[in-house]
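Good morning, and thank you for coming. I shall present one protein structure today, and I invite you to follow along on the model as I speak.

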Amino acid sequence: MLPKINFASLFWVMLSLTACQTTQKIYVVRHAEKDVAFQGNDRMRPLNVQGHQRAGALYQRLAKADIQKIFVTEYLRVQQTADSLRIKNRIDTLWYSAKDAVLSDNLEKVGVQNKTILIVGHSNTVPDIIRKFGVNFETKILPDTEYDNLYIISRKKGKVLRFEASKY
(Lines give C-alpha, C1' and ligand atoms only; values in the text may rest on other atoms or scores of the structure.)
Protein backbone atom coordinates (compact mmCIF):
# COMPACT_ATOMS: atom_id res chain seq x y z
CA MET A 1 0.00 0.00 0.00
CA LEU A 2 1.30 3.43 -0.92
CA PRO A 3 1.78 5.99 1.85
CA LYS A 4 -0.66 8.89 1.97
CA ILE A 5 0.71 12.07 0.51
CA ASN A 6 0.13 15.25 2.41
CA PHE A 7 -0.49 17.65 -0.47
CA ALA A 8 -0.07 20.72 1.73
CA SER A 9 3.42 19.58 2.71
CA LEU A 10 4.27 18.74 -0.88
CA PHE A 11 3.09 22.20 -1.96
CA TRP A 12 5.35 23.93 0.60
CA VAL A 13 8.34 21.83 -0.41
CA MET A 14 7.79 22.68 -4.08
CA LEU A 15 7.35 26.36 -3.23
CA SER A 16 10.59 26.34 -1.21
CA LEU A 17 12.51 24.73 -4.03
CA THR A 18 11.14 27.28 -6.49
CA ALA A 19 12.11 30.17 -4.20
CA CYS A 20 15.67 28.86 -4.00
CA GLN A 21 15.94 29.00 -7.77
CA THR A 22 14.73 32.58 -8.23
CA THR A 23 16.27 34.52 -11.07
CA GLN A 24 17.41 37.95 -9.94
CA LYS A 25 17.06 40.96 -12.22
CA ILE A 26 19.36 43.93 -11.82
CA TYR A 27 18.61 47.11 -13.74
CA VAL A 28 21.51 49.55 -14.06
CA VAL A 29 21.26 53.08 -15.46
CA ARG A 30 23.24 56.26 -15.48
CA HIS A 31 21.61 59.32 -13.94
CA ALA A 32 19.56 61.49 -16.30
CA GLU A 33 20.72 64.81 -17.82
CA LYS A 34 22.22 67.18 -15.27
CA ASP A 35 21.97 70.95 -15.04
CA VAL A 36 25.37 72.02 -16.40
CA ALA A 37 24.69 75.70 -15.58
CA PHE A 38 24.40 74.93 -11.85
CA GLN A 39 26.93 76.88 -9.75
CA GLY A 40 27.72 75.13 -6.51
CA ASN A 41 28.64 71.84 -4.92
CA ASP A 42 28.57 69.14 -7.62
CA ARG A 43 26.84 66.73 -5.24
CA MET A 44 23.87 69.09 -5.20
CA ARG A 45 23.72 69.49 -9.01
CA PRO A 46 20.10 68.75 -10.02
CA LEU A 47 18.63 67.36 -13.20
CA ASN A 48 17.72 69.81 -15.94
CA VAL A 49 14.34 69.83 -17.73
CA GLN A 50 15.38 67.04 -20.11
CA GLY A 51 16.69 65.06 -17.15
CA HIS A 52 13.34 65.23 -15.38
CA GLN A 53 11.65 64.09 -18.58
CA ARG A 54 14.14 61.23 -18.85
CA ALA A 55 13.48 60.25 -15.22
CA GLY A 56 9.79 60.10 -16.14
CA ALA A 57 10.63 57.85 -19.09
CA LEU A 58 12.58 55.57 -16.75
CA TYR A 59 9.55 55.39 -14.49
CA GLN A 60 7.34 54.46 -17.47
CA ARG A 61 9.80 51.76 -18.55
CA LEU A 62 10.22 50.18 -15.10
CA ALA A 63 6.88 50.90 -13.40
CA LYS A 64 5.79 47.25 -13.67
CA ALA A 65 9.21 45.62 -13.28
CA ASP A 66 8.50 44.71 -9.64
CA ILE A 67 11.61 46.50 -8.38
CA GLN A 68 12.02 45.91 -4.67
CA LYS A 69 15.04 48.09 -3.86
CA ILE A 70 16.74 51.08 -5.45
CA PHE A 71 20.37 51.99 -4.95
CA VAL A 72 21.50 55.61 -5.43
CA THR A 73 24.64 57.59 -4.69
CA GLU A 74 24.98 60.73 -2.60
CA TYR A 75 24.51 62.93 -5.69
CA LEU A 76 21.17 64.73 -6.05
CA ARG A 77 20.88 64.06 -9.80
CA VAL A 78 21.17 60.31 -9.18
CA GLN A 79 18.46 60.42 -6.52
CA GLN A 80 16.18 62.54 -8.72
CA THR A 81 16.55 60.03 -11.57
CA ALA A 82 14.97 57.33 -9.40
CA ASP A 83 12.50 59.55 -7.49
CA SER A 84 9.39 58.90 -9.61
CA LEU A 85 9.83 55.16 -9.37
CA ARG A 86 10.71 55.30 -5.68
CA ILE A 87 7.80 57.55 -4.71
CA LYS A 88 5.03 56.16 -6.92
CA ASN A 89 5.85 52.51 -6.23
CA ARG A 90 6.94 53.07 -2.59
CA ILE A 91 10.29 51.36 -3.04
CA ASP A 92 12.97 51.39 -0.35
CA THR A 93 16.08 53.27 -1.39
CA LEU A 94 19.59 52.50 -0.16
CA TRP A 95 22.64 54.71 -0.59
CA TYR A 96 26.05 53.64 -1.78
CA SER A 97 29.15 55.72 -2.31
CA ALA A 98 29.85 56.90 -5.86
CA LYS A 99 33.51 56.20 -5.14
CA ASP A 100 32.80 52.56 -4.30
CA ALA A 101 31.66 50.36 -7.17
CA VAL A 102 31.84 47.19 -5.05
CA LEU A 103 28.10 47.37 -4.57
CA SER A 104 27.69 43.85 -5.95
CA ASP A 105 29.76 42.49 -3.06
CA ASN A 106 27.38 44.05 -0.54
CA LEU A 107 24.01 42.89 -1.89
CA GLU A 108 23.98 39.81 0.31
CA LYS A 109 24.67 42.00 3.35
CA VAL A 110 21.56 44.09 2.70
CA GLY A 111 19.38 41.09 1.86
CA VAL A 112 18.64 41.70 -1.82
CA GLN A 113 20.56 38.88 -3.48
CA ASN A 114 17.34 37.41 -4.95
CA LYS A 115 15.38 40.63 -5.39
CA THR A 116 14.77 42.79 -8.42
CA ILE A 117 16.76 45.98 -7.99
CA LEU A 118 17.60 49.23 -9.74
CA ILE A 119 21.03 50.78 -9.44
CA VAL A 120 21.50 54.37 -10.60
CA GLY A 121 25.09 55.43 -11.12
CA HIS A 122 27.37 57.73 -13.07
CA SER A 123 29.06 57.59 -16.49
CA ASN A 124 32.30 56.45 -14.87
CA THR A 125 30.78 53.98 -12.37
CA VAL A 126 28.09 52.15 -14.37
CA PRO A 127 30.61 50.07 -16.39
CA ASP A 128 32.41 48.99 -13.20
CA ILE A 129 29.12 48.08 -11.53
CA ILE A 130 28.12 45.93 -14.50
CA ARG A 131 31.51 44.17 -14.52
CA LYS A 132 31.31 43.53 -10.77
CA PHE A 133 28.22 41.40 -11.42
CA GLY A 134 30.26 39.16 -13.74
CA VAL A 135 29.35 40.64 -17.11
CA ASN A 136 32.10 40.99 -19.72
CA PHE A 137 31.50 44.69 -20.39
CA GLU A 138 34.21 46.34 -22.49
CA THR A 139 33.16 49.97 -22.08
CA LYS A 140 35.33 51.86 -19.58
CA ILE A 141 33.24 55.03 -19.32
CA LEU A 142 29.86 55.94 -20.81
CA PRO A 143 29.84 58.87 -23.24
CA ASP A 144 28.75 62.17 -21.70
CA THR A 145 25.96 62.40 -24.28
CA GLU A 146 24.30 59.08 -23.41
CA TYR A 147 21.69 59.13 -20.67
CA ASP A 148 19.16 56.59 -21.94
CA ASN A 149 21.04 53.30 -21.60
CA LEU A 150 19.32 50.59 -19.63
CA TYR A 151 21.37 47.53 -18.71
CA ILE A 152 19.60 44.42 -17.45
CA ILE A 153 21.45 41.60 -15.75
CA SER A 154 19.61 38.36 -15.05
CA ARG A 155 21.38 35.98 -12.71
CA LYS A 156 20.76 32.89 -10.67
CA LYS A 157 22.86 31.84 -7.69
CA GLY A 158 25.27 34.67 -8.49
CA LYS A 159 25.89 33.55 -12.08
CA VAL A 160 24.94 35.71 -15.06
CA LEU A 161 22.28 34.07 -17.21
CA ARG A 162 21.63 36.99 -19.52
CA PHE A 163 22.81 40.53 -20.13
CA GLU A 164 20.99 43.00 -22.30
CA ALA A 165 21.64 46.61 -23.19
CA SER A 166 18.71 48.66 -24.37
CA LYS A 167 17.39 52.21 -24.40
CA TYR A 168 14.54 53.73 -22.45
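Let me begin with a single pairing. Within the sheet, Lys69 has Ile117, a residue of E4, as its bridge partner. That contact belongs to a pairing of strand E2, residues 69-72, with strand E4, residues 117-121. These two strands run in the parallel sense, and three bridges join them. Please keep in mind throughout that this is a predicted model.

For those new to the subject, strands of a sheet pair through backbone hydrogen bonds, either parallel or antiparallel. Here, six strands make up an open sheet, and their order is E3-E2-E4-E1-E5-E6. The pairing across this sheet is mixed. Which strands stand at the edges? They are E3, residues 92-95, and E6, residues 159-167. Each of these has a single partner strand, so one side of each is left without a neighbour in the sheet. From one strand to the next, the twist averages 20 degrees.

Next, the helices. Helix H2, which covers residues 49-62, lies across four strands: E1 (24-30), E4, E5 (149-156) and E6. Its direction makes an angle of about 35 degrees with E5.

Helix H3 deserves a longer look. It runs over residues 76-88. At 1.5 Å a residue, its 13 residues should span 18 Å, and the end C-alpha atoms are indeed 18 Å apart, so the expectation and the model agree. H3 nevertheless has a kink of about 50 degrees, centred on Ala82. Ala82 is also one of the buried residues of this helix, together with Arg77, Val78, Gln79, Gln80, Thr81 and Leu85. What covers them? The cover includes the strands E1, E2, E3 and E4, as well as helix H2.

We can view part of this packing from the side of the sheet. Val72 is found in strand E2. Is Val72 buried or exposed? Its relative accessible area is 1%, so Val72 is buried. Leaving aside residues up to four places away in sequence, Val72 touches Val78, Gln79 and Ala82, and also Thr93, Leu94, Trp95, Tyr96 and Val120. The C-alpha atoms of Val72 and Tyr96 are separated by 6.2 Å, although their positions lie 24 residues apart along the chain.

I turn now to charged side chains. The count of salt bridges comes to 10, and I shall describe three of them. Asp42 forms a salt bridge with Arg45, with the closest N and O atoms 2.8 Å apart. Asp42 also meets Arg77 in a salt bridge, at 3.2 Å from N to O. Asp42 lies in the loop between E1 and H2, whereas Arg77 is in H3, so this pair ties together parts that are 35 residues apart in sequence. Through shared partners, Asp42, Arg45 and Arg77 are joined into one network.

How accessible are these three residues? Asp42 has 32% relative accessibility and counts as partly exposed. Arg45, at 13%, counts as buried, and Arg77, at 4%, counts as buried as well.

The third salt bridge is between Asp148 and Lys167, at 3.4 Å from N to O. This pair links distant parts of the chain, with Asp148 in the loop between helix H5 (126-132) and E5, and Lys167 in strand E6, 19 residues apart. Lys167 has a relative accessible area of 47% and is therefore partly exposed.

My last topic is the backbone. Most residues other than glycine have a negative phi, and most peptide bonds are trans. Against that background, which residues have a positive phi? Among them is Asp66, with a phi of about 60 degrees, although it is not a glycine. Asp66 is placed in the loop between H2 and E2. With a relative accessible area of 55%, Asp66 is exposed. Lys157 also has a positive phi, near 50 degrees. Lys157 sits in the loop between E5 and E6, and its relative accessible area of 66% makes it exposed. Arg90, just after H3, takes a positive phi of about 50 degrees.

To close, I would ask you to look once more at the kink centred on Ala82 in H3 and at the contact between Ala82 and Val72. Thank you for your attention.

Note on methods:
Residues numbered from 1 in each chain as written. Predicted model: local features only at pLDDT ≥ 70, side-chain atom pairs only at ≥ 80, totals over all residues. Heavy atoms only, no water. Pairing = 2+ DSSP bridges. Axes fitted to C-alpha atoms, helices over the stretch in contact; angles between N-to-C directions. Contact = heavy atoms within 4.5 Å. Buried < 20%, exposed > 50% of the residue type's maximum accessible area, 1.4 Å probe, protein only. Salt bridge = Lys/Arg side-chain N within 4 Å of Asp/Glu carboxyl O. Expected span 1.5 Å × (residues − 1). Bend = angle between axes of the 7 residues up to and from the residue.
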